[in-house]
Amino acid sequence: MSMKIGITCYPTYGGSGVVATELGKELAKRGHEVHFISYAVPMRLNGFIKNVFYHEVEMAQYPLFEFPLYTTALASKMIDVAQFEYLDLLHVHYAIPHATSAYLAREILGRDRLKIVTTLHGTDITLVGLEPSYLPVMKFSIEQSDGVTAVSRFLREKTLTNYGINKSIEVIPNFVDVKLYRRGNGEAIRKVIAPKGERVLVHVSNFRAVKRVTDVIRIFDVVRKSVPSKLVLVGDGPDRSVCEKLCHDLGIDHEVRFLGKQTNLVEIHSASDLFLMPSQSESFGLSALEAMACEVPVVSSSVGGLPELVVHGETGYIAEIGDIDRMARYAIDLLRNEEKRLRFAEAGRRRAVEQFNSEKIVDQYETYYRTVLGK
Ligand code: GMT
């Protein structure tokens, strides 16, 4: 039987919004009615899609409100949509403040009227949620959700220990559409970026400090001295200008391309030989999974959920946070040994297809919803 599902997420560039939007689109394809509730249209939600609706949170202004009351406005919109569209379930992605708004909405509507599923994504648990100004409300809101999922075993353990939460948490990992994310012909891009046949290293992120994009540049600076190569940086965010300055200071501006935000990652991955993800914290690493699906081996740090994704010595390599030399050695090893690099690339694709394909993971969400709804 089809369900009516509300989805709330951050609409901007970021893994949690991508997971939420792709999940909503997949559920709609399966015949469920999906209502996105957010302050802007989610990044990957474009054009008319059957069974998909979007509701914008309205924020009334008032001179007394020095700080916008988003949590309250979101809860009111959730109530409105749940009542008008007869939602069965509200699935909120990224706990702060979405799980709190959902709790409020459900209490106001009545516990039997609406169920809440909260998906924990990363810094909502490992960073921001731990701030004393948020922690008690976060813990309460997570505990009050009817169902809670985390994107890796690592994140589940962190939530249970950091917050002392006494609740079962289902691990449902990130996923990728392996029919869409598959290696294509990257020659046109390669001709522009690496005209002399150089190797191409790539990194995709939102350029926040936690992504350690300066490490990406320093790793590349070591690699390029041994293997003729170019670096492609995709995305934008607070650290972009620091990174541009670092490239300038190292005298490698001409070897590095800052592409900014891009919508077609498949064509960029198809022109790439290696993906770098030296993050300080990473609960899953969705952009690394998307690279693997496109047959790009990954060299990453060993933090968080990354070891659950990257199989060391098989689909890529992992090293301690900040160990630039080791990550550079791994990268050089793969870039110098094409037979090995291709073997890793194939193994990465296989892992994406077998373990993290959208069909399999969306099935898990659907089953979980039915359990929460008791259907
Ligand atoms: O926690 C964040 O940094 C925000 C979040 C996002 O919206 O980008 O990213 C997290 O969620 C992704 C999707 O589940 C995961 O793939 C990322 O690993 C995770 N980021 C971190 O843990 C830093």
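A polar contact is taken here as a pair of N or O atoms within 3.5 Å, and the views below are drawn from a predicted model.

**View 1. Polar contacts of the ligand with Ser-283, Asn-174 and His-121**. A polar backbone atom of Ser-283 lies 2.8 Å from an oxygen atom of the ligand, which falls inside the 3.5 Å limit for a polar contact. From the side chain of Asn-174, a polar atom is placed 2.7 Å from an oxygen atom of the ligand, while an N or O atom in the side chain of His-121 is 2.6 Å from a ligand oxygen atom. The protein buries 95% of the 470 Å² that the ligand exposes when taken alone.

**View 2. The shell of residues around the ligand**. Of the 17 residues that surround the ligand, those that come nearest are Gly-15, Ser-16, Thr-123, Arg-208 and Glu-282. Sorted by class, the shell holds 10 polar, five nonpolar and two charged residues. Helix H1, which spans residues 15–29, supplies the largest share of this shell, namely three residues.

**View 3. The ligand between two domains**. Because residues of the shell come both from domain 1 (4–175 + 357–373) and from domain 2 (187–355), the ligand lies between these domains.

**View 4. The surroundings of Thr-315**. Thr-315 belongs to the loop that links helix H12 (306–309) and strand S13 (316–319). With a relative accessible area of 1%, Thr-315 is buried, since the term applies to values under 20%. Leaving aside residues up to four places away in sequence, Thr-315 touches Met-292, Pro-297, Val-298, Leu-309, Val-310, Phe-344, Ala-347, Gly-348 and Arg-351.

Key. Residues are numbered from 1 along each chain as its sequence is written. This is a predicted model: local features need pLDDT of at least 70, side-chain atom pairs count only at pLDDT 80 or more; totals for chains, interfaces and linings use all residues. Side-chain values use heavy atoms; hydrogens and water are left out. A residue is near a molecule or strand if one of its heavy atoms lies within 4 Å of it. A polar contact is a pair of N or O atoms within 3.5 Å; within protein, one must be able to donate a hydrogen and the other to accept it, and residues adjacent in sequence count only if both atoms are side-chain atoms. Accessible areas come from the Shrake-Rupley method with a 1.4 Å probe; for residues, only the protein chains shown count as cover. Helices (H or I, at least four residues) and strands (E, at least two) are DSSP runs, numbered from the N terminus. Ala, Val, Leu, Ile, Met, Phe, Trp, Tyr, Cys and Pro count as nonpolar, Asp, Glu, Lys and Arg as charged, and the others, Gly among them, as polar. Domain bounds come from an automatic or database domain assignment. Buried means under 20% relative accessible area, exposed over 50%, partly exposed in between (1.4 Å probe, protein chains only). Contact means heavy atoms within 4.5 Å.
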